[in-house]
Amino acid sequence: MRGGELAGFAVKSLIAVRDRIARAAESAGRDPDWITLIAVSKTHPVSAIQQAYDAGHRDFGESRLQELLPKWEALPKDIRWHFIGTLQSNKAKRAAQLGVVIHTIEGAHQLREIGKGAPPEGLDGLIEVNTTGEHQKSGISPIALDELVSEVLNYPNVRLRGLMTLGHAHRNAEEQRPFFRMLRELNEAMGGTWLSMGMSNDFEVAIQEGSTHVRVGTAIFGERTQA
Ligand SMILES: *Cc1c(COP(=O)(O)O)cnc(C)c1O
């Protein structure tokens with residue numbers, strides 16, 4: 001892309017999203033400082049991320065390892081990268097070696113690979129839960145959660161912070177509320193503190209339901225042209 005114009009737009013949108021987060025938090029009686037905005041930069045160029053970085057932003061989200069790797073190489077090392085896509089076991093070790101926050105732990109085999117790659121000082125991880133019960137959806141079933149939680153305890157270099165979920169593919173923001181609430185209750189039951197939920201279309205509802213990490217792409221960087 002031709003730098004300035006598009007990227008400048010991203011910065012303005014970033015400020016607008018931060019403002020909406022602050023208002024949603026305040027209306028829910030929550031401190032906005034406890035909510036991390038993950039700018040989901042998948043499909044968007046390094047130059048757009050650099051602009052957001054220059055504006056002071058540090059948390060970015062990517063969903064494919066082959067896209068994350070070159071961005072990780074090219075951009076400043078104090079970026080906190082969040083891996084939010086389906087993570088196949090054969091890529092899990094490499095992703096963990098980068099020291100990224102992994103939001104999509106969902107199985108014992110994958111977890112073993114994450115454990116192999118995670119740095120000795122530890123890596124933050126969240127388990128992805130399929131709260132909506134849609135068949136094609138990634139994440140583990142709520143009934144399988146306890147077992148995976150105890151698995152994670154076998155890996156001292158994987159710090160289980162909490163849970164992540166995606167809303168229902170075909171519902172509006174308000175209709176996501178029961179799924180977000182379910183995730184919060186599951187998280188409280190296991191003693192988690194991070195709740196990764198809420199995207200461009202529903203992050204305000206997610207914040208009302210206790211989200212600590214909202215993952216926002218389109219509302220910051222614009223529509224994606226690729227998948
Ligand atoms: C792409 C993606 C997002 C961001 O979605 P937007 O609707 O563009 O905000 C959030 N979470 C996950 C897991 C994603 O894959």
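This is a short tour of some helices and two buried residues in a predicted model.

**Stop 1: helix α2**

Start by selecting residues 46-54, which form helix α2. Show the side chains of A48, I49, A52 and Y53, and you will be looking at buried residues of this helix. Now turn the view so that you look down the axis. Where do these four point? They span an arc of only 140 degrees around the axis, so they sit on the same side of α2. Before you leave, click on G56, which follows α2. The phi angle of G56 is positive, near 105 degrees.

**Stop 2: helix α3**

Next, select residues 65-74 to bring up helix α3. Which residues of α3 are buried? Colour L65, E67, L68 and K71 to see them. Their arc around the axis is only 150 degrees, which means that they lie on the same side of α3. To see what these buried residues pack against, add α2, strand β2 (59-62), strand β3 (80-83) and α4 to the view.

**Stop 3: α3 beside α4**

Keep α3 on screen and add residues 89-97, which are helix α4. Two packed helices are described by the angle between their axes and the distance between the axes. For α3 and α4, the angle is about 20 degrees and the axes are 11 Å apart. That angle makes α3 roughly parallel to α4. The way α3 passes α4 is a left-handed crossing. Zoom in on the contact: α3 brings L65, Q66 and L69, while α4 brings K91, R94 and A95. By type, the residues of this contact are 3 nonpolar, 1 polar and 2 charged.

**Stop 4: α4 beside α5**

Hide α3 and select residues 108-117 for helix α5. How do α4 and α5 cross, left-handed or right-handed? Their crossing is right-handed. The two axes come within 7 Å and cross at roughly 30 degrees, and α4 and α5 are therefore roughly parallel to each other. On the α4 side, the contact is made by S89, A92, K93, A96 and Q97. On the α5 side, look for H109, Q110, E113, I114, K116 and G117. The residues of this contact divide into 3 nonpolar, 5 polar and 3 charged.

Stay with α5 for a moment and highlight Q110, L111, E113, I114, G115 and G117, its buried residues. Among the elements that cover them are α4, β4 (101-105), β5 (123-128), α6 (145-152) and β6.

**Stop 5: M164 in strand β6**

Now select residues 158-164, strand β6, and pick out M164. Is M164 buried or exposed? M164 is buried, with a relative accessible area of 1%. Leaving aside residues up to four places away in sequence, M164 touches I84, H103, T104, L126, I127, E128, V129, L183, S196 and R215. You can also try the distance tool on M164 and P120: their C-alpha atoms are 24 Å apart in space, and the two residues are 44 residues apart in sequence.

**Stop 6: N187 in helix α7**

For the last stop, select residues 177-190, helix α7, and find N187. N187 is buried as well, with a relative accessible area of 4%. What does N187 touch? Not counting residues up to four places away in sequence, show G162, L163, G192, T193, W194 and L195 to see its contacts.

Terms used. Residues numbered from 1 in each chain as written. Predicted model: local features only at pLDDT ≥ 70, side-chain atom pairs only at ≥ 80, totals over all residues. Heavy atoms only, no water. Axes fitted to C-alpha atoms, helices over the stretch in contact; angles between N-to-C directions. Helix = DSSP H or I, 4+ residues; strand = E, 2+ residues; numbered from the N terminus. Parallel < 35°, antiparallel > 145°, perpendicular 65-115°, else oblique. Left-handed = near helix turned anticlockwise from the far one by under 90°. Contact = heavy atoms within 4.5 Å. Nonpolar A, V, L, I, M, F, W, Y, C, P; charged D, E, K, R; others polar. Buried < 20%, exposed > 50% of the residue type's maximum accessible area, 1.4 Å probe, protein only. Arc of directions from axis to C-beta.
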